[in-house]
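Visitor: Please take one small part of this model and examine it closely, and then show how it fits into its surroundings. I should like every term given with its cut-offs.

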Number of protein chains: 2
Amino acid sequence: MPSKDHLLQARQELRSLVTIPSVSARGEKLSECAHAVRALLAEAGFSTEIHPGEIGPFVVGEIGSGPLTVMVYNHYDVQPEDPLPLWHSPPFELSERDGRWYGRGAADDKGEFVSRLAGWRLFRERQPGPLPFRLIWLVDGEEEIGSPSLEAFLKRRFQGETVDVCWWEYGEIDATGRPIILCGFKGVMAVELRAKTARADLHSSLGAVFDNPLWRLAAATASLRDGSGRVQIEGFYDAVRPLASREKELAGTPPFSFESLVETTGAQRLLNGIDATGFYHAINFEPCMNVNGFSGGYAGEGAKTVLPAEGSVKIDFRLVPDQQPQQIVALLRAHLDRHGFDDIELIVHDANVKPVRSATDHWFVQDAKEVLEAHFGLPAIVQPSSPASGTAHPFVEQLGAEIVGIGITHHGAMLHSPNENIIVDQFETMIECSAALFQKFSEQASRMEYSLQSKAAQASNGERP
Amino acid sequence: MPSKDHLLQARQELRSLVTIPSVSARGEKLSECAHAVRALLAEAGFSTEIHPGEIGPFVVGEIGSGPLTVMVYNHYDVQPEDPLPLWHSPPFELSERDGRWYGRGAADDKGEFVSRLAGWRLFRERQPGPLPFRLIWLVDGEEEIGSPSLEAFLKRRFQGETVDVCWWEYGEIDATGRPIILCGFKGVMAVELRAKTARADLHSSLGAVFDNPLWRLAAATASLRDGSGRVQIEGFYDAVRPLASREKELAGTPPFSFESLVETTGAQRLLNGIDATGFYHAINFEPCMNVNGFSGGYAGEGAKTVLPAEGSVKIDFRLVPDQQPQQIVALLRAHLDRHGFDDIELIVHDANVKPVRSATDHWFVQDAKEVLEAHFGLPAIVQPSSPASGTAHPFVEQLGAEIVGIGITHHGAMLHSPNENIIVDQFETMIECSAALFQKFSEQASRMEYSLQSKAAQASNGERP
């Protein structure tokens, strides 16, 4: 079937999936969406399974066999649609305007899934018959709520198995249309510090005698890093993995200028010591500590001379390989105790997302770069790590997979926001790219098969392998 | 007229004044209340004047002449009544329950004013005829909003004049019924620190590159004091006046235990270095820095990995003589700049209330102690300074007055809160005390007159004075 028909079919499939409001935060329509995804995979030739998750089921499609195992990871659940009034068209309808498709999940992640699936069909048109590698397609229903049952599910369903490559649920397209291949994700740990010094707020004149919970929180928070952003928790950097020379090289040549980052974000105040050439290194490789929110005492107009009874500070840490969130929690607690803040309560909101980073010189990264450059007509960027996080570590730890993110989440895709969208041209290009990537897997599998056979032949000839 | 009749008349007067909702924050019924106060003073024998203020007029009553000038300072304006649902009886009615009179202004400051006025009438019954000292009764209509026009009014109306004693608008009765004579008030300076680093909130992954406004505020706030509460702003303590030995002695023997302070306040965490004997010294003499409120970023449930665009911290400083709020503002700005926080905006909410402290061995303090002990039947406490603040410095700076606070604001008076009240027995006792205090002024005036005449006689006899 001609390429245009693949696009039309994919649009129809995306339209049906977007219509299902599979909001995992509300546990809504997850089973319905899982079955729709299963039907698409079955129709495309996969053996399929549905397994219960904590909230939404997992869909698994499988096909082929050979020396290479590839996992494609996507998710069918979406973020809530609020605030509804800011949408220019209904969130659970696919609307086309100005060369874009709008709708909740149009990009994250239904659009990514459907473009790949259309690419798979195109690939199978070109290369029917037995698939020379094992392809597992895993579609999660709980990604937007942190994939609470993913780790246990992988352990249960794929115990003892190995995956060579995990094609991550998304990849990016930058503001100039260049594809970004993501080779890693930072980990994240989110905590809250709380201090309470009295039953109720007091007149601030008593601040001459009693300590102030907000000053204590300010001092504890200030102690966690220095003015340059360097974290001051003892042992924080101990587990940081040294960089490979290829990684250093990639991060040393930013694919975009610092000025464009400032323009995009509106941020002004660089951390002390980071300059217009060093920022990309920090984005890729620097763990960091962020204060997310302050609360306590009087926050209205003007002044109120109150000694607050309590307060709280929310903080997250972005972590890099091989920092472990649970261990950083322990280091943080020890830091607080050591610095006289043993009265400050430490509440852990999230310590489950570990950092991952794949080899930037992996064959699939090279293949993907070649394919993307050929179809997008622009240089592809190999980014050692996303500055953001994803629950990728179970694939690495349990299956030994290399994680590689390739996709069409563009610069203005408005993920998790009103008017989420995907650019139709990029979607169409990704169908072609996906077909070519499946082709690359096939070729790699043949090379591996050939190499295995050569070794076997050598062995039977009595030669040393 | 017998004492009971004085009480009945005073109750009737307090009832009428409480009925007038003279809320200065809303600019309500101020003129009406001023005229009611003027009528009471006129009826009690004073020449009266009404002068415009910024919001509410000033009432002045004057009577007598002699070598001694006494000013009685009160105010007729009150705090807003909200939250209304927490009142057990209507705020603008005087309700009697369990030996107390409830109503907005029942204590602060209509109750204090009326008890003194009843005492004045009792005194005049006992000692009619020409008053041997000059008595100025000033009733402010803007005290609850910080007396914005008091300083200018004093300058205008009393230019070049001198006042020996200013009987401050209130005094206290402690939990055990002992009267507290207040000889000073701390100054106060209320500011806000604001930091802004971007146009809008960003994804917290950018915290690897861009500075965090809340960390900057935490670090700036932490830098302002140390763990013991000692302020770290350079020059902050330079203007602190050394203590007189009598002051040290008074503050060294707390009239109540630290345990009772903890019980009253529910506060637990003493500033490092302050112990159960040193707390009273700190209440009286230590300037301090308080964080009043934090805001910025995400303050909801759980975690949100956001890099906030901006935040704010509200802070007050309690000051002691001779620290000047305006100068502390300048020192604070310099401190922020010197410590790398020149990007942090400093907003001054209040830098107009200067600290004052009168001599604790002043003759009027001694007289007041004697009078209060005689009528309350318990030891009176001479407290060198209230831990709180009041706009007393214009009386000191412009008129040279000693400020002394004597009154019946008791432990559970609920000032500025629902169910404000005064204890009827204490109100009645204060009528007697006031009469006796006016008597003491009269005696002091006679002593001064005698001393002046002796000097004049000595001079006319050619003796050296």
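Guide: In strand β5(A), W101(A) is the bridge partner of E96(A). Residues are numbered from 1 along each chain as its sequence is written, with chains lettered from A and ligands numbered from 1 in the order in which they are written. The model is predicted: local features need pLDDT of at least 70, side-chain atom pairs count only at pLDDT 80 or more, and totals for chains, interfaces and linings use all residues.

The antiparallel pairing of β4(A) with β5(A), residues 100–102, runs over three bridges; two strands pair if DSSP finds at least two bridges between them. Strands (E, at least two residues) and helices (H or I, at least four) are DSSP runs, numbered from the N terminus. Both strands belong to an open sheet of three strands in chain A, ordered β4-β5-β21 with antiparallel pairing. Its edge strands, each pairing on one side only, are β4 (95–97) and β21 (421–423) of chain A. On average, neighbouring strands of this sheet are turned by 25° against each other, direction ignored. Such axes are lines fitted to C-alpha atoms, for helices over the stretch in contact, and angles run from 0 to 180 degrees between N-to-C directions.

On the wider scale, chain A is divided into domain 1 (3–183 + 358–450) and domain 2 (187–240 + 287–352), with bounds from an automatic or database domain assignment. The C-alpha centres of these two domains of chain A lie 38 Å apart.

Strand pairing also joins the two chains. Strand β12(A) and strand β13 of chain B, residues 288–297, pair in the antiparallel sense over five bridges, and in β13(B) F294(B) stands opposite G296(A). In total, 66 residues of chain A are in contact with 66 residues of chain B, contact meaning that C-beta atoms placed from the backbone lie within 7 Å. Strand β12 (residues 288–297) of chain A gives the largest share of its side of this interface, nine residues.

A turn of 180° and a shift of 0.0 Å along the axis lay chain A on chain B with an RMSD of 0.1 Å, by least squares on the C-alpha atoms of residues with pLDDT of at least 70 in both. That is the relation of a two-fold axis. In chain A, A218(A) has the C-alpha nearest the axis, 2.1 Å from it. The same surface serves both copies, as 100% of the contact residues of chain A recur in chain B.

How values were computed: Two residues are in contact if their C-beta atoms, placed from the backbone, lie within 7 Å.
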